[in-house]
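Student: Could we go through this structure together? I'd like to know what stands behind the labels people put on it.

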Amino acid sequence: MSDQYQYLLPESQLPKAWYNINADMPVAPQPVLHPVTMAPVTPDFLSVLLPMNLILQEVSTERYIDIPEPVREIYKLWRPTPLRRAVRLERMLDTPAHIYYKYEGVSPVGSHKPNTAVPQAFYNKEAGTRALATETGAGQWGAALAMACSFFDLDLEVFMVKVSHQQKPYRRIVMEYFGATVYASPTPQTHAGRAALDQDPDNPGSLGLAISEAVEVAATSGGTKKYALGSVLGHVLMHQTIIGEEALLQMDMAGEYPDVVIGCAGGGSNFAGFAYPFLRQNLTAGKNSRIIAVEPASCPSLTRGTYAYDWGDLAATAPIVKMHTLGHTFIPPSIHAGGLRYHGMAPSVSALVEHGDIEARAVKQLETFAAAAQFSKAEGIIPAPESAHAIRVAIDEALRCKESGHKQVIAFNLSGHGHFDMMAFEAYHRGQLQDYEYPKEKVDEAMAHLPRVRRPEA
Ligand SMILES: Cc1ncc(COP(=O)(O)O)c(C=O)c1O
């Protein structure tokens, strides 16, 4: 019998609702705090940055939230995305494991990010917003939001982390092509950027710093601009659950159920989007999948960070949340997986790791690129360096099955392709990439700057 490679859902089965983990969280959410007063934030404070319809999603405890029809229509440009069985990779590894991957690289800009960019642009338009400001790491989020803003006729300014601005010029061009204005962060045009440049004119930037710049632009715009975030926040993770909802239906088509569910985690959105619907089955339907979030060893918030209150950005202007953090002033090494260079992690992912519902693993840059190369040789796809972190652990799990002789079903999220990351692959093939040791001293220094939060009422 020949193996089936692809599990494709018809358009008619595009999910009609996103899944909200708030309804099933086994631990109570911790309050979000004001960046200055450290008192729980009010919707009024948040409304300087976000439209009220998204704030209401952020705090909703409804299990499912309907996807508006105009958003579903745009989703149909690339969704449902394929679930593929990596038959050729299984053979290459000579493993009894079955390996499945959900491929989000088929979106117009090549990653999972449009799954939330489109609804964020839609809800902002509904709320009367005319312009947005945002940050981007590797440029995937910025490209997705630029496309979504062009659909809904919104202006967009993007603060792109300087090291990625240099490493990935084509993503900048994609953003500009869709009409966005792109700056290399840190810039001299914001307080946060100037402060960083005064300290170090060669500052390579970080997601935490680019967030500070974008937040400042929105907060000082007198209400003319809102801020949009590509990860970390609850509503962003929720929009991504369309990935896992489709994958559940597709695993059903394949007649299997994953023993292991894997995603890479920067701020946590593609991981949560893929994994939370499976986690719901663990929490409410008696399933027992192991769920693994994978991060870079050089920016290991989940595996080496502290579960504590910290600011979401470098300049301490964004709200304070309880999360796994390496300290908001930490500037991670310049690895090529720019989307994973964030000091913190989504509060829900952090709480679930702390509670033992999710495992976390850290992998190094060179072994990650080796896994990407092996995957490409078998499956043809060049993955984004971020996504390659999930591939590394999927291969490790498959090799563990080979050793033990046990067949397991492994499913991972391939969050994007790496067509605009070719400089990184070239450097890898020339032997010019390096591993970065865990920067303990820098993290220790950053951890000294956590906010002194008195235990707020839960
Ligand atoms: C392809 C890809 N995967 C993963 C990530 C990490 O972000 P998140 O953890 O929010 O999915 C990014 C971020 O830019 C990305 O571009």
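Tutor: Sure, let's take the ligand and then some single residues.

Tutor: This is a predicted model, where local features need pLDDT of at least 70, side-chain atom pairs count only at pLDDT 80 or more, and totals for chains, interfaces and linings use all residues. Residues are numbered from 1 along each chain as its sequence is written, and side-chain values use heavy atoms, with hydrogens and water left out.

Student: Which residues are the closest to the ligand, and how many surround it?

Tutor: There are 18 around the ligand, and the closest are Ser-231, Gly-266, Ser-269, Asn-270 and Ser-415. A residue counts as near if one of its heavy atoms lies within 4 Å of the molecule.

Student: What is the shell around the ligand made of, by class?

Tutor: It has four nonpolar, 12 polar and two charged residues. Ala, Val, Leu, Ile, Met, Phe, Trp, Tyr, Cys and Pro count as nonpolar, Asp, Glu, Lys and Arg as charged, and the others, Gly among them, as polar. Helix H13 (269-284) and helix H17 (385-404) each supply at least two residues of that shell. Helices here are DSSP runs of H or I with at least four residues, strands are E runs of at least two, and both are numbered from the N terminus.

Student: What makes the pair between Ser-415 and the ligand a polar contact?

Tutor: A polar side-chain atom of Ser-415 lies 2.7 Å from a nitrogen atom of the ligand. The label needs a pair of N or O atoms within 3.5 Å (within protein, one must be able to donate a hydrogen and the other to accept it, and residues adjacent in sequence count only if both atoms are side-chain atoms), so this pair qualifies. Two oxygen pairs also fit: a polar side-chain atom of His-112 is 3.0 Å from a ligand oxygen, and a polar backbone atom of Gly-268 is 2.9 Å from a ligand oxygen.

Student: How much of the ligand does the protein cover?

Tutor: On its own the ligand has 390 Å² of accessible area, and the protein covers 97% of that.

Student: Why is Ser-206 called buried?

Tutor: Its relative accessible area is 2%. Buried means under 20%, exposed over 50% and partly exposed in between (1.4 Å probe, protein chains only), so Ser-206 is buried. Ser-206 is in the loop between helix H9 (191-199) and helix H10 (207-219). A polar atom of the Ser-206 side chain lies 3.1 Å from the backbone nitrogen of Leu-209.

Student: Is Met-38 buried, exposed or partly exposed?

Tutor: Met-38 has a relative accessible area of 24%, so it counts as partly exposed. Met-38 is in the loop between strand S2 (17-19) and helix H1 (43-46). Its phi is near 65°, a positive value in a residue other than glycine.

Student: What puts Ala-214 and Gly-273 among the buried residues?

Tutor: Ala-214 has 0% relative accessibility, so it is buried. Gly-273 is also at 0%, so it too is buried. Ala-214 lies in helix H10, and Gly-273 is in helix H13.

Student: Where are the cis peptide bonds that you can show me?

Tutor: One joins Arg-79 and Pro-80, with omega about -10°. Pro-80 lies in the loop between helix H3 (69-75) and strand S4 (83-85). Another runs from Ser-185 to Pro-186, with omega near 10°. Pro-186 is in the loop between strand S8 (181-185) and H9.

How values were computed
Areas by Shrake-Rupley, 256 points an atom, 1.4 Å probe, with all protein chains shown as cover.
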